[in-house]
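User: I am new to this structure and would love a close look at a single part of it. Please walk me through that part and its surroundings in one connected answer.

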Amino acid sequence: MSRSPFVALAVAETLSLSGTRLSGIAIPWLVLSTTGSAMLTGIVAMMEMLPYVVAKALGGPMIDRVGPKRVAIICDSASVITVGLVPLLHLLDLLTMPILLPIVFVMGVLRGPSDAAKQSMVPDIAGLAAVPLERVTGVIGVIDRLASTVGAAGAGGLIALVGPSQALVVNAVTFAASALIVAIGIPAIRHAVKSAASGIKAYGRELAEGWHFMRRDAVLVAIVLMVATTNLLDQAYYVVLVPVWTQGSGHGPALLGTLFAVFSCASMIGAAIAAMIGERLPRLAVYTVAFLLTGFPRFLVFAMDSPLALIFAILAIGGFASGFLNPIITAVLFERIPKPLMGRVTSLNAALCWALIPFGGLVGGALIDGFGLSAALFLTGLAYLVTTLAPLAHRSFRGFDKRRAGDVAIS
């Protein structure tokens with residue numbers, strides 16, 4: 001069995017996710033540093049994430065029809081031009097908020113299908129490599145965390161060196177490299193599904209098939225509800241709460257990047273361990289404990305304005321725990337979805353998990369304006385804690401045990 005497609009996917013994912021992480025820090029910092037408004041920062045984040053979620057949800061049938069490889073290449077190639085507009089317009093002194101907003105909107109539209117297409121390749125890559133799905137999803141988790149670490153650390157340094165807009169040149173380069181590697185290194189493993197009919201109605205029926213399959217699966221519904229809520233709170237944390245805390249404490253973007261890099265680096269270690277032993281771990285217990293460790297403490301240390309040493313320690317612990325989450329969630333997801341529905345169900349699942357993210361920045365900005373930064377951090381952390389207790393209260397989470405997708409009816 002050849003493992004070269006997995007290597008290609010790993011490198012492409014590392015590059016594209018590193019660039020995305022960089023832009024996720026650079027763009028909010030650009031808005032915050034030029035306007036000083038937490039609310040505007042949240043609005044810009046929403047303008048990127050809302051189309052990302054919608055495009056991801058609607059792109060599933062397209063991935064099944066066209067093929068995930070082709071979708072990833074087209075979207076990443078178009079992202080090169082879109083992201084590159086920001087530093088170019090800034091260089092020409094033409095970058096204003098009315099211009100920036102549609103650019104980040106298009107960035108979200110392109111990133112959604114691209115990320116979904118790459119994710120839908122994972123089961124086929126696992127089959128080629130002939131390794132357990134938990135191991136492959138664990139390695140993908142390591143890649144995700146490695147990319148986040150590199151992107152966050154690089155973002156802080158680049159922003160401090162050349163400014164937030166010009167740092168996005170690197171983001172454009174990573175998208176270009178990702179598209180090239182996918183084109184050369186990954187075969188068209190899964191043939192595009194030929195639809196019996198064409199047009200909007202047929203496309204809508206295919207979307208409905210994915211929706212009806214997913215809503216009948218109690219485990220997938222439980223995951224979506226819990227992860228969507230924690231993602232909302234995480235978005236408030238990343239794009240508004242922590243940047244405002246960093247700026248208000250007299251620190252710059254270098255510290256902001258370092259904070260996120262420490263969390264991501266520890267998460268990468270956790271994901272690496274999950275990749276090695278994940279198939280032997282009790283899924284539900286690990287899932288529950290990991291969410292409890294990665295949630296409330298991370299908000300509390302900032303709310304209490306704790307010393308940096310304690311903040312870094314809590315971020316390291318929470319990051320390590322978080323590394324076990326995505327391998328478990330992704331393995332459960334892939335095991336329960338039949339191959340013919342893979343693109344549309346994984347896209348829809350991911351979109352629903354991200355459905356509240358566009359509003360995270362708004363929530364964070366509104367809480368800061370209404371109650372102050374410390375109270376906003378405490379309230380979001382408390383909401384995170386309540387959400388992460390869900391596996392202890394709801395029976396639907398008990399279905400984390402393995403179940404083959406082939407055993408699941410498609411009708």
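Analyst: **From the surface to a buried helix**

Let's start on the outside, where Leu-50, Val-54, Leu-58, Leu-356, Phe-359 and Val-363 form a nonpolar surface patch (nonpolar side chains within 5 Å, each residue over 30% relative accessible area and without a salt bridge). Together these six residues have about 430 Å² of accessible area (Shrake-Rupley method, 1.4 Å probe). The model is predicted: local features need pLDDT of at least 70 and side-chain atom pairs pLDDT 80 or more, while totals for chains, interfaces and linings use all residues. Numbering runs from 1 along each chain, and side-chain values use heavy atoms, without hydrogens or water.

Helix α2 (residues 38-58) gives the largest share of the patch, three residues; helices here are DSSP runs (H or I, at least four residues) numbered from the N terminus. Val-363 sits in helix α17 (residues 360-371). Its relative accessible area is 30%, so Val-363 counts as partly exposed (buried is under 20%, exposed over 50%, partly exposed in between).

Now to the part I would like to show you closely: helix α13 (residues 296-303). Six of its eight residues are buried, so the rest of the structure largely encloses α13. The buried ones are Phe-296, Arg-298, Phe-299, Val-301, Phe-302 and Ala-303. Their cover includes α10, α11 (253-277), α12 (283-294), α14 (308-322) and α18 (373-388). Just past the end of α13, Asp-305 takes a positive phi of about 50°.

Arg-298 is a good residue to follow inside this helix. Arg-298 counts as buried because its relative accessibility is 2%. Side chains of opposite charge can pair when their charged atoms come close. Arg-298 has such a partner in Asp-234: their side chains meet in a salt bridge at 2.9 Å, N to O (a Lys or Arg side-chain nitrogen within 4 Å of an Asp or Glu carboxyl oxygen). The pair joins distant parts of the chain, with Asp-234 in helix α10 and Arg-298 in α13, 64 residues apart. Asp-234 is buried, like Arg-298.

The side chain of Arg-298 also reaches the backbone oxygen of Thr-294, at 2.8 Å. Leaving out residues up to four places away in sequence, Arg-298 touches Asp-234, Tyr-237, Tyr-238, Phe-263, Ile-314, Leu-315 and Tyr-384 (contact means heavy atoms within 4.5 Å).

Tyr-237 leads us into the largest nonpolar core, which has 105 residues (buried Ala, Val, Leu, Ile, Met, Phe, Trp, Tyr and Cys joined through side-chain atoms within 4.5 Å). Tyr-237, Leu-259, Tyr-287 and Phe-302 touch the most other members of this core. Helix α10 (residues 218-248) supplies its largest share, 17 residues. Beyond neighbours within four places in sequence, the contacts of Tyr-237 include Arg-298, Phe-299 and Phe-302, three buried residues of α13.

The salt bridge in α13 has company, since a search of the whole structure finds four salt bridges. In one of them, Lys-118 meets Asp-76, with the closest N and O atoms 2.8 Å apart. Lys-118 belongs to helix α5 (residues 97-120) and Asp-76 to helix α4 (residues 68-91), 42 residues apart. Lys-118 is buried, at 1% relative accessible area, and Asp-76 is buried at 1% too.

Another salt bridge pairs Arg-336 with Asp-217 at 2.8 Å, N to O. Arg-336 lies in helix α15 (residues 325-336) and Asp-217 in the loop between α9 (200-215) and α10, so this pair ties together parts 119 residues apart in sequence. Both Arg-336 and Asp-217 are buried.

Terms used:
Buried means under 20% relative accessible area, exposed over 50%, partly exposed in between (1.4 Å probe, protein chains only). Helices (H or I, at least four residues) and strands (E, at least two) are DSSP runs, numbered from the N terminus. Patches are made of residues with over 30% relative accessible area and no salt bridge: like charges are joined within 9 Å, nonpolar side chains (Val, Leu, Ile, Met, Phe, Trp, Tyr) within 5 Å. A polar contact is a pair of N or O atoms within 3.5 Å; within protein, one must be able to donate a hydrogen and the other to accept it, and residues adjacent in sequence count only if both atoms are side-chain atoms.
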